[in-house]
Each structure stands twice: as structure tokens, then as C-alpha cells.
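Me: I would like to learn how to read a fold from its overall architecture down to a single side chain. Could you take me through an example?

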Amino acid sequence: MSTPFRFTEPLPPKAATGLVAEVYEQLARDFGIDRAATFVVLSSAPEILAPTWALMRESLIAGAGSRTGKELAAYGVSRANKCPFCVDAHTVLLHATGDHALAERLARGERPEREEHARVLAWGQHTRVPGAGLMPYPFPSEHAPAYIGTALAFHFINRIVSALLTEQLLPGNAQRLRAVRSLAGRSLARTVRRTAVPGAALALLDDPAPGPAWAAGTTVGPAYAALRSATAAGAGLLDADEQALVREALWDWDGSHPPLAWAALPDRREHPGARLALLAALAPYRITPEDVTAWRRPEHTDHCLVHLVSYGAFAAVDRLESSFGLHAARETS
């Protein structure tokens, strides 16, 4: 039987207990998919699973603004990050919102017909570039925390998916068929169109900080702060020199996808952990079995691998988040 998981073997969702089971319960209720591989792949590290879900829920699902708009932003992020799994997922979710024509225009590679949709899509794509001019926002400023939270959530999720899952959203890539996309979207329509109350996912977190200024006064901020704190623990899997390699490469990053001849990428024989973390940050789709094998030791469980990949993925997210913080400060000054 084929599995969507590349380098880990998560427990079956039906075997979940404790915090993992609580996350799955909320997933089923508020996302409509109780066994989403996107989250199951994180289940060996519940302390990362819970805030990942919280950030997505509190921004995309329960945050202010149009669900169609936020799905468009997430689609743009996923396309910029070259994550076909997530691109397909957001196409299906746009069907779930009832925007069938829009979903199919995107599936054909066409520009949205409505200018406001095109602007949100472009904004999502541009969020991959550190320091990009992201203002004026293509949505009301009071909706910015939810849109920014959605973009940052999927910059993280895209990287996790590309690193640890295959590209197939459905067996045989059936979602590439229009009828399947439409049917899958309609099956989720009731959940997607239902209003979710903000804050439910925060009960899954351990006393998170308030979060960044751009999310002040919303439930998005604590969710972001909790994910930042949880992923930072992965730094402990690298020594100080390896952490410095990752930081320096991210500091020089301009948002582009690294070339095949990537001089800054550490050699897998010398710094396999730093290599994995940096690939997770900037080109997770290029992680190979050889990269994982070079790093993995008997003491490196699935829990460790999820932490290392999450550390690298969120290092890129935090690099991008600084741009949002700067723009928000300029707007309020």
C-alpha cells in the first residue's frame, strides 16, 4: 500500500491520544479533513503539530476576511514555493468556497478574472521575497493579521509538505481531473462555509506569548509565537557553526529558488544537519533519501527529523515575517 510519507512513519490517526487526538478532533470539525497528511506527518512532534494547526486555523479558517481571498493568498504562496500538493489542495478548497470558475481558471494557469482576486494572488506570490513591497494591501487593513498569518502558515506548511510528503494530494493525482476537484470541493463545502469562532486552537497551546505587532489583538499572534518557540528547539540538533551556516544563507536570501550548483549548500558528508535545515528553508523539494540517511543516526527518531526540518522551514518563515513587521510599523507610524 502506498504512503504519502517520505521519511517518517507516523502512527495511524485512529491510534492518536492526548494532544494529537485533540488536534485531529479540531481538524475534523473545522477543516473537514480529520486525517490530513499535512498534519499527520507532524504527529511525532505534538509540540509542533498543535501550533501549526493553531496558526492555520486562527488565520485561514477563523480569521477576519473572505475565505476565498485567503485561499487565493495561500494558493499564491504555494505556487511561489513550488509546492504542487498545496497548490492542488487550495484549488479544491476554492471549489469548496463555491468559487468554481475561479478555481478552474487557476487550474488552467490563467489569471483571475476579477482584478481584486488577481491582486490578492499576486500579493501571496510576492510574500516569498524578503523585504518585498507588500503594501498597500489588496484587502482591508483590518484583515491584515488573518491574511499575513495565512501567508506565513503556508510558507511553513509548504516546506513541511515538500520535505516530508509526496506530491500526490489524492491517489494517482486524481485531483488533476476537473470532476474530482469539483467533487472533493463540494464534499468540504459545508465545513468551509461555516463560520468558525476565533480562539479554539489556543486551548491546545502552552501559555504562548502575545506574538508580533502586526497580529496584535488577534488570536493569530499567540499561534504564531507558539510555532516560533516550538520550532526553535530544533536548533539543538545542530552545533553553533551549523546554526551560523543556516543564518548566513538566509540573511543573503533574495527569495529566489537556489540554483542546482548552490555554493552555499553544506556538503552532506561534513554538515548533513545544516544541509537538511537549509534545504528545508529554501528548497525542501530537493531533499533526497541520501540527505536524510547522511544525517540520521540511531538516536535520530522521526521526532528529531520533524524538529530539524521544522527548524529550517521556520527559519525561512521568520526571515519573511520581519518584512511584515517592518511594513506594519511603517503603516502605523
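Reply: What follows goes from the whole chain to one residue, and the model is a predicted one.

Me: Which secondary structure elements does the protein contain, and how many of each?

Reply: One begins by counting helices and strands and then reading their order. The protein has 14 helices and zero strands, and the pattern along the sequence is accordingly written as α-α-α-α-α-α-α-α-α-α-α-α-α-α. The radius of gyration is 19 Å, close to the 20 Å that the globule rule gives for 333 residues, so the protein is as compact as a globular protein of that length. The C-alpha trace spans about 55 × 50 × 40 Å along its principal axes.

Me: What share of the residues is buried, and what share of the contacts joins residues 24 or more positions apart?

Reply: Here one looks at burial and at sequence separation together. Of the 333 residues, 56% are buried, while, among contacts with a separation of 6 or more, 74% are between residues 24 or more positions apart. The accessible surface comes to about 14,200 Å², and carbon and sulfur atoms account for 55% of that area.

Me: Is His307 buried or exposed, and which residues does His307 touch?

Reply: For a single residue, one compares its relative accessibility with a cut-off, and buried means under 20%. His307, which lies in helix α14 (residues 302-332), counts as buried because its relative accessibility is 7%. Leaving aside residues up to four places away in sequence, His307 touches Ala45, Glu47, Ile48, Ala230, Ala233, Gly234 and Leu237.

Notes. Residues numbered from 1 in each chain as written. Predicted model: local features only at pLDDT ≥ 70, side-chain atom pairs only at ≥ 80, totals over all residues. Heavy atoms only, no water. Helix = DSSP H or I, 4+ residues; strand = E, 2+ residues; numbered from the N terminus. Buried < 20%, exposed > 50% of the residue type's maximum accessible area, 1.4 Å probe, protein only. Contact = heavy atoms within 4.5 Å. Rg over C-alpha atoms; globule rule 2.2 N^0.38 Å. Areas by Shrake-Rupley, 256 points an atom, 1.4 Å probe, with all protein chains shown as cover.
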